[in-house]
Amino acid sequence: MRRFLAVLAGLLTGAAAWEGYKAVGNPDGTVLFGVRVLPRADDLSMPHLWTIAERLGAPELTGGRPVWRVVVDACLFTLGITTAGFVAGALIGLALAVAMQRFRVVERGLLPYVIISQTVPLVALAPLIAGWGGVLMPPWATVAVIAAYLAFFPVAVGMLRGLQSPSAAGVELMRSYAAGWWRTLVTLRLPAALPYLFPALRLAGAAAVVGAVVGEISTGTRGGIGRLLIEYAREATSDPAKVYTAMLGAALLGLLVAGAVSLLELPLMRHRRHVEVATL
Amino acid sequence: MTAVAISGVTKVFNPGRPDEVLALSDVDLTVADGEFVSLIGPSGCGKSTLLRLIADLIAPTTGTVTVAGTTAAQARRDQAYGIAFQQAGLFEWRTVRRNVELPLELRGAGRAERRAKAEEMLELVGLSEFAGHYPGQLSGGMQQRVAIARALAVQPPLLLMDEPFGALDEMTRERLQAELLAVCAATGTSTVFVTHSISEAVFLSDRVVVMSARPGRITAAIDVKLPSRDEAGRQAPAYFDKITEVRKALRG
């Protein structure tokens, strides 16, 4: 109940800040020494919240489906891609972490490339992967590949730290039981890694959403919320509230994925200490 | 038969490197069946190293280690010993009972057998009613008792303990010492016990093995025969005499 009230208070504060700034802010924005330090507060840049709500209920085009239906459908399409990318990325990350834990030489050889992989700009990579669409895989799958490319990283790095987290005493204990690498992995290292895995999965979930949205835009895949954002943004001058409905959808999608990942850990994380995981 | 026989053991860490350390030099030690032997000495004297050699967690550079009539490596594979460290090292995601079951599980024991054994061991250390708790819900002393129950679960003929009570307060420590003695007496277990507490070594042991550092070696072995190992034993003149003797041996 307290949490619910806190969430409600947060939402109300956000809404009050938006409308409050609209009420007092300069419609042309505040410019200091030729630099706009505060955004325009006019209806074109910052439509009223109720305008956005109204727009959600109104048809997308004259006589068409209401906007909220279009946004929800687009979110579901992107959710599918996100899920595929997230699952693939998490599995790849897990496999890499286990391989790096098992073989020191793999960790030394691979970890730098894992880190470099995330410094390659996505926009440079996307057209390359988009080229696989229709040849190696359906176009939507290329977007999932981009999502997986972003999602595998936190899992690989976080899980590696988790697998290496058991104390020397724990490892020696398993050795004293004559347990081999596999038994030690299953009995000691994997359970010990869970507190590191879940924060990594939350990061991976967020990364997969970003990857899917940006991937849709840069590969030109139709049907998802990323594409919808671009389409509605083009109409922003004539229909400013419309683009905000798509943004709302994208935000809700992110929350949904983050919430789903949090649900995963509920049954597993009782009686556990929680660790802070910074991946970079 | 002897529980442990160590002859001519030398251990060099990082051989051939600038940080080469001679941890143990020419060590001979025999532990008889049912005997309680303490290893005591200043830090760096190699007492923990010696224990790890017996446990086959590390290999000797030269010399032989025989445990229960076979090589240390074979004894480890046979789970011929139970081990407990200074840190309880319980798996926090397992309940107390499942922690005690762990060595049995790895041996491939059936569910019913594991459970019965674990209950029995928890009874022994007086933690029956905490079987369903998680380690995070227990005090340090209780965790250490669980670790001892875990070490005893396979009913090993040999118990290896590396400063198991080192992190506990004096009162808990004395209570656990009494419990350990009772358990060893009941099961006839041989014990090698590493400690840096003179009084603890004297109170628990049939024999106190004194070691010195740089290089680690055995300098004295003092037989202890207390009239009784209880509160009266802690007050006995023989107890204080032996403490003095060990202290002198440690000063060299």
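In the hairpin formed by strands β9(B) and β10(B), four residues lie between the strands, and B:Arg214 adopts a positive phi near 45°. The two strands of this hairpin run antiparallel and are joined by six bridges. The model is predicted, and chain A has an average pLDDT of 87. The points below treat the strands and a helix of chain B, then chain A and its contact with chain B.

**The β9–β10 hairpin of chain B**

- B:Arg207 has B:Asp223 in β10(B) as its bridge partner.
- Both strands of the hairpin, β9 (207-212) and β10 (217-223) of chain B, are among the elements against which the buried residues of α9(B) pack.

**The open sheet of chain B**

- Four strands of chain B form an open sheet in the order β2-β1-β4-β5, with antiparallel pairing.
- The edges are held by β2 (21-32) and β5 (70-71) of chain B; each has a single partner strand, so one side of each lacks a neighbour in the sheet.
- Strand β1 (residues 2-13) of chain B is joined to β2(B) by eight bridges, and the two run antiparallel. Within this pair, B:Ala5 has B:Thr30 in β2(B) as its bridge partner.
- Between β1(B) and β4(B), which also run antiparallel, there are five bridges. Here the bridge partner of B:Ile6 is B:Val65 in β4(B).
- Strand β4 (residues 62-67) of chain B pairs with β5(B) in the antiparallel sense over two bridges. B:Thr66 has B:Thr71 in β5(B) as its bridge partner.

**Strand β7 of chain B and its parallel partners**

- Strand β7 (residues 158-162) of chain B is mostly covered, with five of its five residues buried.
- This cover extends to both faces of β7(B): B:Leu158, B:Leu160 and B:Asp162 are buried on one side, and B:Leu159 and B:Met161 on the other.
- Strand β6 (residues 81-84) of chain B runs parallel to β7(B), and four bridges join them. B:Tyr81 stands opposite B:Leu158 in β7(B).
- Strand β8 (residues 190-195) of chain B also runs parallel to β7(B), with five bridges between the two. B:Leu159 stands opposite B:Thr191 in β8(B).

**Helix α9 of chain B**

- Helix α9 (residues 237-251) of chain B has 15 residues, which at 1.5 Å a residue should span 21 Å; the end C-alpha atoms are 21 Å apart, in agreement with this.
- Four residues of α9(B) are buried: B:Tyr239, B:Lys242, B:Val246 and B:Ala249. Viewed down the helix axis, these buried residues fall within an arc of 90°, so they line one face of α9(B).
- An α-helix has 3.6 residues a turn, so residues three or four places apart point the same way.
- The face of α9(B) turned away from the buried side carries the exposed residues B:Pro237, B:Asp241, B:Thr244, B:Lys248 and B:Arg251.
- Besides the hairpin strands, the buried residues of α9(B) pack against β3 (36-40), α7 (198-204) and α8 (231-235) of chain B.
- B:Gly252 follows α9(B) and has a positive phi, near 70°.

**Chain A as a whole**

- Chain A contains ten helices and two strands. Read from the N terminus, its elements run α-β-β-α-α-α-α-α-α-α-α-α.
- Along the principal axes, the C-alpha atoms of chain A fill a box of roughly 70 × 50 × 45 Å.
- Of the 280 residues in chain A, 34% are buried.
- Among contacts in chain A between residues at least 6 apart in sequence, 73% join residues at least 24 apart.
- In chain A, 96% of the residues score a pLDDT of at least 70. Among its elements, helix α3 (residues 67-102) of chain A has the highest mean pLDDT (93) and strand β2 (residues 35-38) of chain A the lowest (82).

**A:Met247 in chain A**

- A:Met247 is found in helix α10 (residues 240-265) of chain A.
- With 16 other C-beta atoms within 10 Å, A:Met247 is partly exposed.
- A:Tyr232 lies 15 residues from A:Met247 along the chain, and their C-alpha atoms are separated by 9.7 Å.

**The contact between chains A and B**

- The contact takes 15 residues from chain A and 16 residues from chain B.
- On the side of chain A that touches chain B, the elements giving two or more residues are α7 (168-176) and α8 (181-219) of chain A. The largest share of that side, six residues, comes from α7(A).
- The residues of this side of chain A divide into six nonpolar, four polar and five charged.

Methods. Residues are numbered from 1 along each chain as its sequence is written. Chains are lettered from A and ligands numbered from 1 in the order in which they are written. This is a predicted model: local features need pLDDT of at least 70, side-chain atom pairs count only at pLDDT 80 or more; totals for chains, interfaces and linings use all residues. A residue is buried if 20 or more other C-beta atoms lie within 10 Å of its own, exposed if 12 or fewer, and partly exposed in between; C-beta atoms are placed from the backbone. Two residues are in contact if their C-beta atoms, placed from the backbone, lie within 7 Å. pLDDT is the predictor's confidence in each residue, from 0 to 100. Ala, Val, Leu, Ile, Met, Phe, Trp, Tyr, Cys and Pro count as nonpolar, Asp, Glu, Lys and Arg as charged, and the others, Gly among them, as polar. The expected span of a helix is 1.5 Å times one less than its number of residues. The arc is that of the directions from the helix axis to the C-beta atoms. Two strands pair if DSSP finds at least two bridges between them.
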